[in-house]
Amino acid sequence: MAAIARKEITMEKKMTYVQAIDVALNAIPEGEAHERLTALKESLNKRNSRKSTSMTKTQKENMVIKENLLGVMAAGAEYTATDLTKAFNQAYDNEITIQRVSALLKQMVESGVVTKAMNGKRAMFAKVGE
């Protein structure tokens, strides 16, 4: 029973700082503390409004690398992350690490562009739909 209750609690949205400040503002009387909390709430709102929604430089680079990885993969063939790293580095005269390729392959599997199958202990990746 405790596990179920704990799971329900974690499923709820966490209270934000702005929401917590609103609760505190409603609980305390007017005064210096009220003014300070109001100023803090305004600064949090201002900070949150400045957050960028565009892609970062690394995210843009990763998109290009993912497209190039798909270009390296032949239709119907299966590859390990090591195979793809070597093929990518040869094709694009680049020195990308296997860790980065593995992370990008995971993203590609989650988006449905690539499939992953286990062959014993080895993860094999293949293009989808070709």
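## A first look at the predicted chain

In this predicted model, confidence varies along the chain: helix H1 (residues 2-11) has the lowest mean pLDDT, at 49, while helix H6 (residues 98-111) has the highest, at 94. Over residues 1-7 the pLDDT falls below 50, and this stretch makes zero contacts in the model beyond near neighbours in sequence. Where pLDDT is low, the predicted coordinates should not be read in detail. For the chain as a whole, the mean pLDDT is 85, and 91% of the residues reach 70 or more.

Now to the fold itself. Six helices and two strands make up the list of elements. If you follow the sequence from start to end, you meet them in the pattern α-α-α-α-α-α-β-β.

What about the overall shape? The chain has a radius of gyration of 24 Å, whereas a compact globule of 130 residues would have one near 14 Å. Along the principal axes, the C-alpha atoms fill a box of roughly 70 × 45 × 25 Å.

Here are three percentages that describe the chain:

| Feature of the chain | Value |
|---|---|
| Buried residues, out of the 130 residues | 22% |
| Contacts between residues 24 or more positions apart, among contacts with a separation of 6 or more | 41% |
| Carbon and sulfur share of the accessible surface | 54% |

The accessible surface in the last row comes to about 10,000 Å² in total.

Finally, take a look at the charges. The chain carries 20 positive and 15 negative side chains. How far apart do the centres of the two sets lie? The centres are 4 Å apart.

Conventions
Residues numbered from 1 in each chain as written. Predicted model: local features only at pLDDT ≥ 70, side-chain atom pairs only at ≥ 80, totals over all residues. Heavy atoms only, no water. pLDDT = per-residue confidence, 0-100. Helix = DSSP H or I, 4+ residues; strand = E, 2+ residues; numbered from the N terminus. Contact = heavy atoms within 4.5 Å. Rg over C-alpha atoms; globule rule 2.2 N^0.38 Å. Buried < 20%, exposed > 50% of the residue type's maximum accessible area, 1.4 Å probe, protein only. Areas by Shrake-Rupley, 256 points an atom, 1.4 Å probe, with all protein chains shown as cover. Lys, Arg positive; Asp, Glu negative; His and termini not counted. Charge placed at Lys NZ, Arg CZ, Asp CG, Glu CD.
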